[in-house]
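Biologist: Thanks for sharing this one with me. Could we look at it together and go through a few questions?

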Amino acid sequence: MWRLSISVVFLPCIAAFLLTALSSAYGYGDSEATCSGIVPLRYRNDKISITDFGGVGDGRTVNTKAFRAAIYRIQHLRRRGGTVLYIPPGVFLTESFSLTSHMTLFLARGAVIKAVQDTRNWPLIDPLPSYGRGRELPGARYMSFIHGDGLRDVFITGQNGTIDGQGEVWWNMWRSRTLKFTRPNLIEFKNSKEIIISNVIFQNSPFWNIHPVYCSDVVIHHVTILAPQDSPNTDGIDPDSSNNVCIEDSYISTGDDLVAIKSGWDEYGIAFGRPSSNITIRRITGSSPYAGIAIGSETSGGIKNIVAEHISLSNMGVGVNIKTNIGRGGYIKNIKISNVYVENAKYGIKIAGDTGDHPDAFYNPNALPIVKGIHINNVWGVNVQNAGSIQGLKGSPFTGICLSEINLHGSLNSYRTWKCSDVIGTSLKVSPWPCSELRTTSGSYSCSSTF
Ligand SMILES: *[C@@H]1O[C@H](CO)[C@@H](O)[C@H](O)[C@H]1NC(C)=O
Ligand SMILES: *[C@@H]1O[C@H](CO)[C@@H](O)[C@H](O)[C@H]1NC(C)=O
C-alpha cells in the first residue's frame with residue numbers, strides 16, 4: 001500500500017523534472033526564462049494612501065504637497081519592511097517629486113499620476129558627470145518627473161495605472177527651440193539599487209522614459225511605454241552606466257529607441273569610466289521610427305555582456321542598431337542578440353561608427369571605441385528596405401562580428417543588400433549574402449571562436 005502512495009506523490013515530481021530538463025535541452029528555456037526573482041519582492045506591512053495626505057484625484061488639484069508629505073513620512077518613520085504609497089483610481093496632477101528608499105509606489109487600476117504642464121518652476125539638477133552637461137543643452141538639466149537618487153529597495157508597480165508626463169509642452173519647446181535646459185526624463189534612478197518597475201503604463205514622457213543611471217539590480221517587466229511616433233527623443237528604457245539590469249515582457253512604442261544601452265558621453269564618459277554590463281532584454285514588442293534594440297551611441301564608459309532575445313518589432317527605423325562615434329572611446333563587447341522578428345523597417349541591422357553628436361569641441365578625435373564580439377543570431381525580417389550595414393572605423397575596425405541564420409526580406413522596389421566597411425567577422429546562413437568582410441563559414445561553426 002505505501003508503495004502506491006509513494007509513487008502517487010513522486011511521479012508528478014519526476015515528470016515535472018523531466019519536462020524542465022527537456023525544455024532547456026531543446027532551447028525552450030530561453031523564452032520562459034525570467035529575471036523577476038533577482039530583486040527580492042518584499043512584503044510591506046505599512047500602507048498609506050495619497051488621500052491620507054490631502055491628495056485629490058480630480059485632475060485639477062495640484063498634489064505636489066501630498067506626494068512630498070507622504071514620501072517625507074516614509075523616509076522619516078522608516079517602518080520595518082518599508083511602506084506602500086497607494087494611489088487610488090483618479091487623476092493626480094503633481095509637479096515632479098523624489099522617491100525614498102524602502103517604498104513601493106503602487107498605482108491602482110485607473111490611477112493616473114500626471115505631470116503639471118507649467119514648466120516654469122520645474123526643479124533643476126546637476127548634469128551627470130559622465131555627460132559633463134545636459135544631454136540636449138549645456139549646464140543643468142530639469143529633474144525627472146519622478147526621481148530617485150541614492151536609493152535602494154524601491155518598487156513602482158500596481159495594476160497598470162498610468163504615469164503621464166504630458167510631454168507635449170516640452171516637445172513643442174524643443175521644436176520651437178525655446179528650451180532653456182535639457183528636458184526631464186519621466187523616471188530617473190541615479191546611484192540606486194534593488195529597483196523593480198512593473199505593471200505600470202508610462203506615457204508622453206517629455207524626454208527619455210525610464211533612465212536608470214549608475215544603478216545596479218534593476219528589474220523592469222510588464223510595462224507599457226507609449227509616446228507618439230513624432231515625439232522627439234522619447235526613448236523607452238535607457239540603462240546607462242548600470243549593471244545587472246533586466247528588462248522583459250514589455251510593450252514599447254515611442255518616438256525614439258525602444259531600449260538603448262548607454263554609458264556616458266565622450267571625454268566626460270571616458271573620465272568617469274563607468275560601464276554598462278550584464279544587461280538582459282527579453283520578450284520586448286514595439287514600434288518606433290528609430291531603433292528597437294540599440295546600443296549607444298553614448299558608449300564612453302564601455303558596454304559589455306549584453307543579451308537581447310525574443311524581440312518582436314514592427315514599423316521600425318532599424319531593428320538592431322549598434323552605434324558609436326569617434327571621440328567616444330570606451331568599448332562595445334560581448335553582445336548577444338537572438339530571435340528577433342522585424343516587419344516593415346528601413347534597416348534590419350545597422351552597426352555604425354559614425355553616429356551621434358558630441359558634447360563640445362573638446363572631445364578627443366583619437367579616442368576610438370573598440371567594437372568586438374557581436375553575435376547576432378536568428379533574425380527574421382519582412383519588408384525590410386535595407387538588409388544591413390556594418391561600417392566600422394578606419395583606425396578601429398569592428399572585429400568578431402558574427403552573424404548567423406539571418407533572413408531579411410525586402411519589399412519589391414526598395415530592396416538593397418548589405419554594406420560593409422572596416423569590419424572583420426564571420427557569417428553563416430545569412431540572406432541576402434552580407435559581404436566578403438564577413439567570412440562565410442560552414443556547418444561546424446562556432447561564433448565564440450571569433451570573440
Ligand atoms: C498589465 O499590463 C501588461 C501588459 O499588457 C499585462 O501583461 C499585465 O498582466 C497587466 N497587469 C495587471 C496587474 O493587470
Ligand atoms: C547578471 O545579472 C543577473 C540578473 O540579470 C544576475 O542574476 C547575475 O548574478 C548577474 N551576474 C553577474 C556576474 O553579476
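Biologist: Let's start with the domains. What distance separates the centres of domain 1 and domain 2, taken over C-alpha atoms?

Modeller: Happy to help, and please keep in mind that this is a predicted model. The domain assignment of the chain gives domain 1 as 25-228 and domain 2 as 257-451. Taken over C-alpha atoms, the centres of domain 1 and domain 2 are separated by 30 Å.

Biologist: And how many residues of domain 2 are in contact with domain 1?

Modeller: On the domain 1 side, ten residues take part in the contact. That side of domain 1 divides into five nonpolar, three polar and two charged residues. The residues of domain 2 in contact with them number twelve.

Biologist: Good. Now the ligands: which class do the residues of the shell around ligand 1 belong to, nonpolar, polar or charged?

Modeller: Ligand 1 is surrounded by Gln159, Asn160, Asn199, His222 and Thr224. The shell has no nonpolar and no charged residues. Its five residues are polar.

Biologist: Which elements give two or more residues to the shell around ligand 2?

Modeller: The residues surrounding ligand 2 are Cys35, Ile38, Asn244, Cys246, Asn278 and Thr280. By class, this shell holds three nonpolar, three polar and no charged residues. The elements that give two or more residues to the shell are β19 (243-253) and β21 (276-295).

Biologist: I'd also like to see the open sheet of four strands. Which are its edge strands?

Modeller: The order of the open sheet is β5-β10-β13-β16, with parallel pairing. An edge strand here pairs on one side only. That description fits β5 (97-98) and β16 (210-213).

Biologist: Which residue in β10 is the bridge partner of Phe97?

Modeller: Strand β10 covers residues 146-149, and β5 pairs with β10 in the parallel sense over two bridges. In β10, the bridge partner of Phe97 is Ile146.

Biologist: One last residue caught my eye. Is Lys350 buried or exposed?

Modeller: Lys350 lies in strand β23, residues 331-352. Leaving aside neighbours within four places in sequence, Lys350 is in contact with Val318, Asn321, Gly388 and Ser389. A residue counts as buried if 20 or more other C-beta atoms lie within 10 Å of its own. Because Lys350 has 23 other C-beta atoms within 10 Å, Lys350 is buried.

Biologist: And how far apart in space are Lys350 and Val218, C-alpha to C-alpha?

Modeller: In sequence, Lys350 and Val218 are 132 residues apart. In space, C-alpha to C-alpha, the distance between Lys350 and Val218 is 27 Å.

Methods: Residues are numbered from 1 along each chain as its sequence is written. Chains are lettered from A and ligands numbered from 1 in the order in which they are written. This is a predicted model: local features need pLDDT of at least 70, side-chain atom pairs count only at pLDDT 80 or more; totals for chains, interfaces and linings use all residues. A residue is near a molecule or strand if its C-beta atom, placed from the backbone, lies within 6 Å of it. Ala, Val, Leu, Ile, Met, Phe, Trp, Tyr, Cys and Pro count as nonpolar, Asp, Glu, Lys and Arg as charged, and the others, Gly among them, as polar. Two strands pair if DSSP finds at least two bridges between them. Domain bounds come from an automatic or database domain assignment. Two residues are in contact if their C-beta atoms, placed from the backbone, lie within 7 Å. A residue is buried if 20 or more other C-beta atoms lie within 10 Å of its own, exposed if 12 or fewer, and partly exposed in between; C-beta atoms are placed from the backbone.
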